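Visitor: I should like to take a close look at one part of this protein, namely its cysteines and the links between them. Please guide me through them in order.

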Amino acid sequence: MTEMRLRSRAAPDAVAAQVGKVLGDIDHDVLLTGPARVLMPDGRPLCVYLPGHLSPVLERRPEVYEVLHSLRNLKTDNRGLASGTRRRPIVGQQRTRAKRIASAVIGSLETAQRQTYCRLTAWTGDHLSEYEQLRHLLLPMSSALSEHVPDRFAAQALEVAKTHRDYVVPGTVFSTVTVNNTYPTGVHQDAGDLAAGFSALAVLRRGDYAGGRLVFPEWRVAADLRDGDLILMDAHQWHGNTAMSCPHGLKDDRMRQCCGAERISVVAYFRERMTGCRSLAEETRRAEAIAEKRNQFANNLTEADLHGAKGPSPQADRA
Ligand SMILES: O=C(O)CCC(=O)C(=O)O
């Protein structure tokens, strides 16, 4: 395996100008073409590229592709910079919205903003047997972390050991997986995953397309992941993809029909706040209790409103 220590980084204002943007080939100088370990100037690992590492499992287990492919219709407008667009406000709501893209989060999620309990994502809960099939892919992804970035693996394993097993993919150091289908991410840094850990990103590829290279623009390093390739990476470094196109130029959502283009990326990681979650059964009971309280509150409000509108005045009440 080639080992490379980076010496220079792009100027901060140049990187700032790329945030949220889909990149081009001019945004990298180095294209990794074989097994490589890339270190940042201070010696911390940026990425470890393992071409073809997952090909044997994908050949043996065609069902893995089928499950991942079936996720292509799950869309989200909640990926912010990674969608390659800016978030826009939604009228009458506090939430903002970015472009809708084919990106699904599966596995476990912690409490966050409007979600007051830990849980499996909706798809996961409804498709447990399909989710379990993905373990065939996630196990070698986790073992690769253990072999190639043992200190990051150990840090992640320590947090996994503190986490209820309901939320961890058995035998791995992953709680959560993002599955993207055939869109280039804008330049972003991942959030919510363990700072001391490392992410593992696998690609499954179909059709005859160009682009979709994974680029670390601050370091001007890229990899053009082929079917079965794996890259272990520090997802807190800025990263994004180059635009994708079919041989005769089509670049949009119709690429799949046009040249059979499909690029599935599977990003596996550990969400650092999972350690605070109680068992799924306890969290579900808690969620039901919260829902019950909300219902009571809503019912009380309705009665109060009715009294306010039609009932006796407070003075009459007191008399
Ligand atoms: O598909 C890729 O190469 C990158 C995916 C990614 O960065 C993400 O989902 O956060």
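How many disulfides does the count come to?

Guide: The count comes to two disulfides, and the model in which they appear is a predicted one. A disulfide is a covalent bond between the sulfur atoms of two cysteines. The setting may be described before the links themselves. The protein chain has 319 residues, of which 46% are buried, and it contains 10 helices and 17 strands. Among its contacts between residues at least 6 apart in sequence, 77% join residues at least 24 apart.

One disulfide joins C118 to C277, with a distance of 2.1 Å from S to S. C118 is found in the loop between β7 (103-109) and β8 (119-120), while C277 is found in the loop between β17 (262-269) and α9 (280-310), so this pair ties together parts that are 159 residues apart in sequence. The angle about the S-S bond is -80°, and the link of C118 and C277 is left-handed. Both of these cysteines, C118 and C277, are buried.

The other disulfide joins C246 to C259, and here the distance from S to S is 2.2 Å. C246 belongs to the loop between β16 (244-245) and α8, and C259 belongs to helix α8 itself, so the pair ties together parts that are 13 residues apart in sequence. The torsion about the S-S bond of C246 and C259 is about -75°, so this disulfide is left-handed. Buried means under 20% relative accessible area. C246 therefore counts as buried, at 3% relative accessibility, and C259 is also buried because its relative accessible area is 15%.

If the bonded cysteines of the protein chain are numbered in sequence order, the pairing reads 1-4, 2-3.

A further cysteine, C258, deserves attention. C258 is in no disulfide, and the nearest cysteine sulfur, that of C246, is 3.7 Å away. A disulfide requires the two sulfur atoms to be within 2.5 Å. C258 counts as partly exposed, at 28% relative accessibility. C47, by contrast, is buried, with a relative accessible area of 0%.

Helix α8, which holds C259, also has a part in a pocket. Spanning residues 255-259, helix α8 gives the most to the lining of the second largest pocket, with three residues. That pocket holds about 480 Å³ of space. Of the 23 residues that line the second largest pocket, the closest to its centre are N181, T182, Y183, D252 and D253. The lining divides into nine nonpolar, six polar and eight charged residues.

Methods. Residues are numbered from 1 along each chain as its sequence is written. This is a predicted model: local features need pLDDT of at least 70, side-chain atom pairs count only at pLDDT 80 or more; totals for chains, interfaces and linings use all residues. Side-chain values use heavy atoms; hydrogens and water are left out. On a 1 Å grid over the protein atoms alone, a cavity is a set of points where a 1.4 Å probe fits but cannot get out, and a pocket is an open set with protein on both sides within 12 Å along at least five of seven lines; lining residues have an atom within 4 Å of a point. Grid points are joined across faces, edges and corners, and a volume is the space filled by probe spheres set on the points. Helices (H or I, at least four residues) and strands (E, at least two) are DSSP runs, numbered from the N terminus. Ala, Val, Leu, Ile, Met, Phe, Trp, Tyr, Cys and Pro count as nonpolar, Asp, Glu, Lys and Arg as charged, and the others, Gly among them, as polar. Buried means under 20% relative accessible area, exposed over 50%, partly exposed in between (1.4 Å probe, protein chains only). Contact means heavy atoms within 4.5 Å.
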